[in-house]
Amino acid sequence: MQFGVFSVSDITRDPVSGYTPSEAERIEAVVRIAQKADEVGFDVFAIGEHHNPPFFSSSPTTLLSYIVATTKNLIVSTATTLITTNDPVRIAEEYAMLQHLSKGRMDLMMGRGNTGPVYPWFGQDIRQALPLALENYNLLHRLWREDVVDWEGRFRTPLQGFTSVPRPLDDVPPFVWHGSIRTPEIAEQAAYYGDGFFANNIFWPKEHFMRLIELYRQRFAHYGHGTEKEAIVGLGGQAYVARRSQDAVDEFRPYFNEA
């Protein structure tokens, strides 16, 4: 089991002091959080991808590369990479490069995001979000496993004799999570490929996520990747951490009361 910290890269007003940090302050702060996570023994730090205010993380690979260079043991990941509006060829190239730079200390989480306007900004139709996610990941999966790819689909120009560079480190593709808060097809996709399924259970009732996770576990076993108990599940939540539990309660209480 791994424990980690992730941020959606939001820039919000401090509910106690009333101060709203600048982009520069938040970027510096999130780097310090990642470095502290490494120092105290967390396993993973992840950052989301957004292209609109009030968020700052439009370039996760740049940020994660810096964090990798300033930490020792931390696995870096995304939470999430937009599989719908990013070209899967660029995802293959950029995250293989991050895998090399990190000496393998990285994961990748795929998702569709929660911002509707991002689709037309990158030339896509939100009504095609699910088929985009399925097709784009199918291509990404092949790009990391086949040295030469011939491919044709609905949403991007065909590829003929294409080789994605750099190749995955030691010919082992990065580990991939499929993040979803609502869609059974994404749980099915994660199970089909034997990838991880991340249920970010901070929005809806737990019963909804229990159904998605049960579906993923059953299909993971169905496709022969292992038993249902061996299926790889991630969960999101909210916590405040301090050296002593009472310190955590005392320090966070004013923020809880104002939230």
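## A tour from an exposed tyrosine to a one-sided helix

Begin by selecting tyrosine 192, which is partly exposed at a relative accessible area of 48%; keep in mind throughout that what is on screen is a predicted model. Now add tyrosine 193, a residue whose relative accessible area of 18% makes it buried, because the cut-off for that class is under 20%.

With both side chains displayed, turn to their rings, which form one of the 10 aromatic pairs that the structure holds. The ring centres of tyrosine 192 and tyrosine 193 lie 5.0 Å apart and the planes stand at 90°, so this pair is edge-to-face.

For another geometry, select phenylalanine 252 and tyrosine 255, an aromatic pair that is stacked, with 6.2 Å from centre to centre and 20° between the planes. Both residues belong to helix H8 (residues 245-258), where being 3 residues apart separates them by about one helical turn. Phenylalanine 252 is partly exposed at 34% relative accessibility, and tyrosine 255 is likewise partly exposed, with a relative accessible area of 33%.

Next, display Phe6, Phe175, Trp177 and Phe198 together, which ring pairs link into a cluster.

From there, move to helix H7 (residues 206-222), and check its length before looking at its sides: at 1.5 Å a residue, its 17 residues should span 24 Å, and the end C-alpha atoms are indeed 24 Å apart, which agrees. Colour the buried residues of H7, namely His208, Phe209, Leu212, Ile213, Tyr216 and Phe220. If the view is then turned to look down the axis of H7, these buried residues fall within an arc of 125°, so they line one face of the helix.

What lies over that buried side? Among the elements covering the buried residues of H7 are strand S8 (175-180), helix H6 (184-193), strand S9 (196-199) and strand S10 (233-235). Rotating to the face of H7 turned away from the buried side brings up the exposed residues Met210, Arg211 and His222. Just after H7, pause at glycine 224, which takes a positive phi of about 85°.

For the last stop, select histidine 50, found in the loop between strand S2 (44-47) and helix H2 (60-69). Although it sits in a loop, histidine 50 counts as buried, at 10% relative accessibility. Which residues does histidine 50 touch, not counting those up to four places away in sequence? Showing its surroundings picks out Val8, Ser9, Phe55, Ser57, Ser58, Asn114 and Thr115 as the residues that histidine 50 touches on that basis.

Conventions:
Residues are numbered from 1 along each chain as its sequence is written. This is a predicted model: local features need pLDDT of at least 70, side-chain atom pairs count only at pLDDT 80 or more; totals for chains, interfaces and linings use all residues. Side-chain values use heavy atoms; hydrogens and water are left out. Helices (H or I, at least four residues) and strands (E, at least two) are DSSP runs, numbered from the N terminus. Buried means under 20% relative accessible area, exposed over 50%, partly exposed in between (1.4 Å probe, protein chains only). Contact means heavy atoms within 4.5 Å. Rings of Phe, Tyr and Trp (its six-membered ring) pair if their centres lie within 6.5 Å; planes under 30 degrees apart count as stacked, over 60 as edge-to-face and the rest as tilted. The expected span of a helix is 1.5 Å times one less than its number of residues. The arc is that of the directions from the helix axis to the C-beta atoms.
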